[in-house]
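Okay, thanks for coming, everyone. I'll put the structure up and walk you through a few spots inside it.

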Amino acid sequence: MTAAALGNTFSDAIGVYSGGFIEDLARKAGFEEPPLSHEQRLLPATKRSERIGQCAGIVLGCLVGMFPLLLIDVTAGEKKRREKAMDEMFDEVVDRVAIMVDCEFANLMLVDFAHDELYTRSGTRTVNGARIAKARLKIQDGTVAARAVRTGNLYNLQDVEHTEFYVPEIHDNFRGTGRPVQSILCMPILGIDRSTCASRVIGVLQLANKREGKFTDKDEDVLAALCSHISTSLGAAEGTEQTFAQTLDTLEATLKTQGVRINAAQNRRVDKAYKQLMTDMTSMFDAAATQCFSGDPYAHSDRD
């Protein structure tokens with residue numbers, strides 16, 4: 001109200017000054033005031049025309065004055081405040097979840113659908129004084145986070161070095177901190193596609209390096225609950241508030257997320273047993289070679 005009052009006062013003062021200035025310009029351009037007598041000036045028709053002209057001038061001036069509003073994003077301030085609040089909330093989430101689960105790194109990454117990429121929205125900022133850089137990666141690459149987005153599965157890797165996801169350049173020196181990545185727990189965040197109202201993966205919450213032991217089923221449940229809340233918050237911030245039923249559906253789908261849990265030591269023992277079995281069967285049947293094929297429900301491919 002104060003701004004409106006000051007604006008009105010300012011515009012009235014400018015109007016008084018500019019009115020005389022415009023009349024001077026009109027006279028210089030050859031537009032003279034009609035030579036009316038005193039009686040003619042008092043006629044109702046003259047008064048009516050004078051007031052109509054003044055009214056039209058005020059309206060035109062106000063419309064011209066409001067033109068800059070068409071160039072101003074009136075929601076910019078609200079968007080900025082909302083983004084700041086979201087950043088603070090997500091920073092709190094990653095800090096608290098790292099403490100709750102007792103791990104070294106926590107990272108929230110969201111999907112940039114326009115560029116088919118994942119980018120860091122919030123994450124652990126420093127480790128042992130070393131600042132952790134934010135990342136942006138393609139959804140089609142071979143990282144754990146990208147795989148979680150593509151498959152919608154959670155990934156619990158107990159020994160990253162002995163998995164297909166191991167990349168020395170990434171995992172031996174995590175984002176320039178000098179710390180190797182040993183274990184990873186990555187949970188997809190499910191959201192609602194506004195165009196189809198169908199569920200889709202909109203990001204991931206990823207933890208690394210459990211300090212004591214391995215990531216447990218309880219840790220997975222903690223991440224599932226947090227991912228459901230993050231999904232609801234993101235939807236509200238983007239103007240796609242979920243109905244209560246949709247929120248329950250998202251929570252249920254998150255809690256039922258299929259998991260890929262890789263324990264390298266156990267896998268090595270299983271592989272050794274299979275190799276011994278294949279050797280024995282080859283010898284028993286006097287065959288050239290023996291192969292065992294099993295279905296992979298996650299990668300939808302065969303493994304020998």
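Let's start at L108. Leaving out residues up to four places away in sequence, L108 touches F90, V94, Y119, T120, R121, S122, I189, V204, L205 and I230. Before I go on: this is a predicted model, so keep that in mind throughout.

So where does L108 belong? It is part of the largest nonpolar core, which has 25 residues, and the members touching the most others are V97, L108, L205, L207, L223, I230 and L234. The elements giving two or more residues to this core are α4 (76–101), β1, β7, β8 and α7 (217–237). Helix α4 gives the largest share, 7 residues. As a general point, nonpolar side chains in soluble globular proteins tend to be buried together.

Now the strand β1 itself. How many of the 10 residues of β1 are buried? The count is 10 of 10. On the sheet side, β1 runs antiparallel to β8, with 7 bridges joining them, and A106 stands opposite L207 of β8. Strand β1 also runs antiparallel to β2, this time through 6 bridges, and L110 has Y119 in β2 as its bridge partner. The β1–β2 hairpin has 4 residues between the strands, and D116 there takes a positive phi near 55°.

Next, the aromatics. The structure holds 2 aromatic pairs. One is F105 with F174, a tilted pair at 4.6 Å centre to centre, with 50° between the planes. Those two come from distant parts of the chain: F105 is in strand β1, F174 is in the loop between α6 (168–171) and β7, and they are 69 residues apart. Are they buried or exposed? F105 counts as buried because its relative accessibility is 3%, and F174 counts as buried because its value is 9%. The other pair is Y155 with F165, which is edge-to-face, 5.6 Å centre to centre and 75° between the planes. Here Y155 is in strand β6 and F165 is in the loop between β6 and α6, 10 residues apart. Y155 is buried, and F165 is buried too.

While we're on rings, take a look at F113: R200 lies over its face, at 3.8 Å from the ring centre.

On to a lysine you might want to click on, K210, in strand β8. Why does K210 count as buried? Because its relative accessible area is 15%, and the cut-off for buried is under 20%. What lies by its side chain? A polar atom of the K210 side chain is 2.7 Å from the backbone oxygen of V101. Skipping residues up to four places away in sequence, K210 touches V101, D102, C103, S183, F215 and D219.

Now over to helix α5, residues 144–151. This helix is mostly covered, with 6 of its 8 residues buried. Those are V144, A145, A146, R147, A148 and V149, so yes, there's an arginine on that list. What do the buried residues of α5 pack against? A set of strands: β1 (103–112), β2 (117–123), β5 (136–138), β6 (154–157), β7 (184–192) and β8 (199–210). Right after the helix, G152 takes a positive phi of about 75°.

One more residue, T232, which is found in helix α7. T232 counts as partly exposed because its relative accessibility is 32%. T232 and G191 are 41 residues apart in sequence, with their C-alphas 7.8 Å apart in space.

Last, the whole chain. It has 9 helices and 11 strands. Of its 304 residues, 30% count as buried. And among contacts with a separation of 6 or more, 57% are between residues 24 or more positions apart.

That's my tour. If you keep one picture, make it β1: 10 of its 10 residues are buried, β8 is joined to it by 7 bridges, and β2 is joined to it by 6. Happy to go back to any of these on the screen.

How values were computed: Residues numbered from 1 in each chain as written. Predicted model: local features only at pLDDT ≥ 70, side-chain atom pairs only at ≥ 80, totals over all residues. Heavy atoms only, no water. Buried < 20%, exposed > 50% of the residue type's maximum accessible area, 1.4 Å probe, protein only. Contact = heavy atoms within 4.5 Å. Core = buried A, V, L, I, M, F, W, Y, C linked by side-chain atoms within 4.5 Å. Phe/Tyr/Trp six-rings, centres within 6.5 Å; stacked < 30°, edge-to-face > 60°. Lys NZ or Arg CZ within 6 Å of the ring centre and 35° of its normal. Polar contact = N/O pair within 3.5 Å; in protein donor to acceptor, adjacent residues only side chain to side chain. Pairing = 2+ DSSP bridges.
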